[in-house]
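Dear colleague,

I am passing on the structure below, and I would be glad if you could look through it alongside the notes that follow.

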Amino acid sequence: MLKPLLVANWKMSQGRIADGAEYLKTLKQAQLPADREIVICPPFTSLHMFGDIPHGAQNMYWEESGAYTGEVSAMMLKELGCTYVIIGHSERRQHFGETDETVAKKVTAALAHGLTPIVCVRSVEEVTPALMGKPIVIAYEPVWAIGTGKAATPEHAQEVHAAIRALVGDQIRIIYGGSVTADNAASLMAQLDVNGLLIGGASLDVITFLSIIGA
Ligand code: PGA
């Protein structure tokens, strides 16, 4: 069985160092479930304080270094102890012009540096050939569910995850994201092909997040 993966995506919220530090203090005191992998993806500026709490970035650029003002490379993320990186989140596709092509380049660069990409797709169609056969995580996040309070039903999530599963095989974790809460997390996780969750808004409060991950 694939180990379930629960990822907190803080987005550009929870950006103050002091707030992040408080959150981490509570997280460290909690009994985290051993049978689940927990990863926090804070803004870049907070990554340095995570130490041995598993953490990832929300984005990266595919080049290693050079004249790319404002960008952050996989190598830099590795130095900050990241093990994961979210790639192609729908907000990046919508506001920052990311495409299936840029996603594919980022996936290649992340893997080359030993980072596991969490590739966000809004539909089965976005699971392109460039993603197949690679050791990645896929996050299915329907746009209508992100930040709207209208999560997918467990049945809908299972249906789409099963269609993605048919493309990527048994060894890839397919996680669900979009208005996950402490109330709907368990029923989503109970689905055969839901191997974890990508949690935005509900991950910002540490107590809520702990209850979602089952701590
Ligand atoms: P949400 O965000 O949980 O606030 O809907 C999820 C995401 O966009 O990753």
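An oxygen atom of the ligand is 2.9 Å from a polar backbone atom of glycine 200, and a backbone N or O atom of glycine 201 lies 2.8 Å from an oxygen atom of the ligand. A polar side-chain atom of asparagine 9 is placed 3.3 Å from a ligand oxygen atom; a polar contact here is a pair of N or O atoms within 3.5 Å. The ligand taken alone exposes 280 Å², of which the protein buries 95% (Shrake-Rupley method, 1.4 Å probe).

Please keep in mind that this is a predicted model, in which local features need pLDDT of at least 70 and side-chain atom pairs count only at pLDDT 80 or more, while totals for chains, interfaces and linings use all residues. Residues are numbered from 1 along each chain as its sequence is written, and side-chain values use heavy atoms, with hydrogens and water left out.

The residues surrounding the ligand (a heavy atom within 4 Å of it) include Lys11, His89, Glu141 and Ser179.

Turning to the interior, the largest nonpolar core has 54 residues, of which Ile40, Leu77, Ile164, Tyr176, Leu197 and Phe209 touch the most other members; such a core is a set of buried Ala, Val, Leu, Ile, Met, Phe, Trp, Tyr and Cys residues joined through side-chain atoms within 4.5 Å, buried meaning under 20% relative accessible area with a 1.4 Å probe and protein chains only. Helix α7, residues 206-213 (a DSSP run of H or I, at least four residues), gives the most to this core, with five residues. A second, separate core of 12 residues includes Leu5, Ile118, Cys120 and Ala139.

With best wishes

Notes: A polar contact is a pair of N or O atoms within 3.5 Å; within protein, one must be able to donate a hydrogen and the other to accept it, and residues adjacent in sequence count only if both atoms are side-chain atoms. Buried means under 20% relative accessible area, exposed over 50%, partly exposed in between (1.4 Å probe, protein chains only). Helices (H or I, at least four residues) and strands (E, at least two) are DSSP runs, numbered from the N terminus.
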